[in-house]
Amino acid sequence: MIHRVTDLIPVVLLALACFVGGYVLLSRLLRGLSSQQPRLRKEPIPPAWYDIVDRRVPLAHDLTIDERERLLRLAQRFVAEKHFEGCGGVTVTEEMKVTIAAVACLLLLHLEGPCYPTLRTVLIYPHAFVPKRAAGASRTGELMRPAIPVVGQSWGLGVVIVAWDEVVRGARDATDGHNVVLHEFAHQLDGEDGVGDGVPLLATGALRTWARVLGQEYERLRDDSAAQRLSALDPYGATSKTEFFAVATESFFERPLQLEREHPELYAELKRFYGQDPARRVSPTTA
Ligand SMILES: [Zn+2]
């Protein structure tokens, strides 16, 4: 049978559509597979790192052996991939890198996907610093307040800035609900979808409950803050939904029992998102 060229056009278009559709499907599948298997490094973890995490990161004390090993593996990848830079006279040490990486990676312990893919650089100041950025809101929603010293910042363009003395203080007391590294890296997770709005990348179908619960809890904190009522959440979380997620993350890891008791729905949402249940790790007398 002889076909004219015009007869073949629909067949060619159909084949082309199948090819393009197949390519898109395959690339999504491959991206999904790679995002579920973070590439951890093969070389041994330096023995000194165990000691650094023991001394500097009490939050890691209650992890299982497997979780601690994974935390150090994630920290190893973090240290290898991210650029650290000292500011204000700081000479960056291995102890600084490992401490910051270990606390930051605590958030990733049971999350699938890459290691802070949008982050490139961690800047370390010796103590509270005055932001050099112009006034306005960053992509992560962090409010910039020029001329007012701050202890940490998270930029949407791949930079986190922390004050080392605050990193040490925040990590040392693992039950006060204040940890600048947890806070700033929660902002990084929040901004991974390109928008710092208090909504990180959630599992399919999780957005509706997340938006309802965190919206209600945010309003509750605003009311508590206005009435000067004490809360498991720092009043700073009442400044925006972005800050609320970062502050809630600090309380989730550092005051899990109080947060679970006083804000069970919020605790449940954070537990679902992070894939962790810190309240089951701690003794009831410590939080
Ligand atoms: Zn913040």
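The following dialogue examines the nonpolar cores and helix H10 of a predicted model.

Student: What makes the set around Phe 78, Ile 100 and Tyr 116 a nonpolar core?

Tutor: A nonpolar core requires buried residues of the listed nonpolar kinds, joined through side-chain atoms within 4.5 Å. The largest such set in this model has 69 residues, and Phe 78, Ile 100, Tyr 116, Ile 124, Phe 185, Leu 270 and Tyr 274 have the most contacts inside it. Helix H4 (residues 94-106) supplies the largest share, 9 residues. A second, separate core of 7 residues includes Leu 123, Tyr 125, Phe 129 and Ile 161.

Student: Which residues does Tyr 274 touch?

Tutor: Contact means heavy atoms within 4.5 Å. Leaving aside residues up to four places away in sequence, Tyr 274 touches Leu 107, His 110, Leu 111, Ala 186, Leu 189, Phe 245, Thr 249, Phe 252 and Phe 253.

Student: Why are the buried residues of H10 said to lie on the same side?

Tutor: Buried means under 20% relative accessible area. In H10 (residues 264-274), the residues that count as buried are Leu 266, Tyr 267, Glu 269, Leu 270, Phe 273 and Tyr 274. They cover an arc of only 160 degrees around the axis, and therefore lie on the same side of H10.

Student: Which helices do these buried residues pack against?

Tutor: The buried residues of H10 pack against helix H6 (180-190), helix H7 (207-226), helix H8 (241-254) and helix H9 (256-262). After H10 comes Gly 275, with a positive phi near 70 degrees.

Student: How many residues does the protein chain have, and what percentage count as buried?

Tutor: The protein chain has 287 residues, of which 46% count as buried.

Conventions. Residues numbered from 1 in each chain as written. Predicted model: local features only at pLDDT ≥ 70, side-chain atom pairs only at ≥ 80, totals over all residues. Heavy atoms only, no water. Buried < 20%, exposed > 50% of the residue type's maximum accessible area, 1.4 Å probe, protein only. Helix = DSSP H or I, 4+ residues; strand = E, 2+ residues; numbered from the N terminus. Arc of directions from axis to C-beta.
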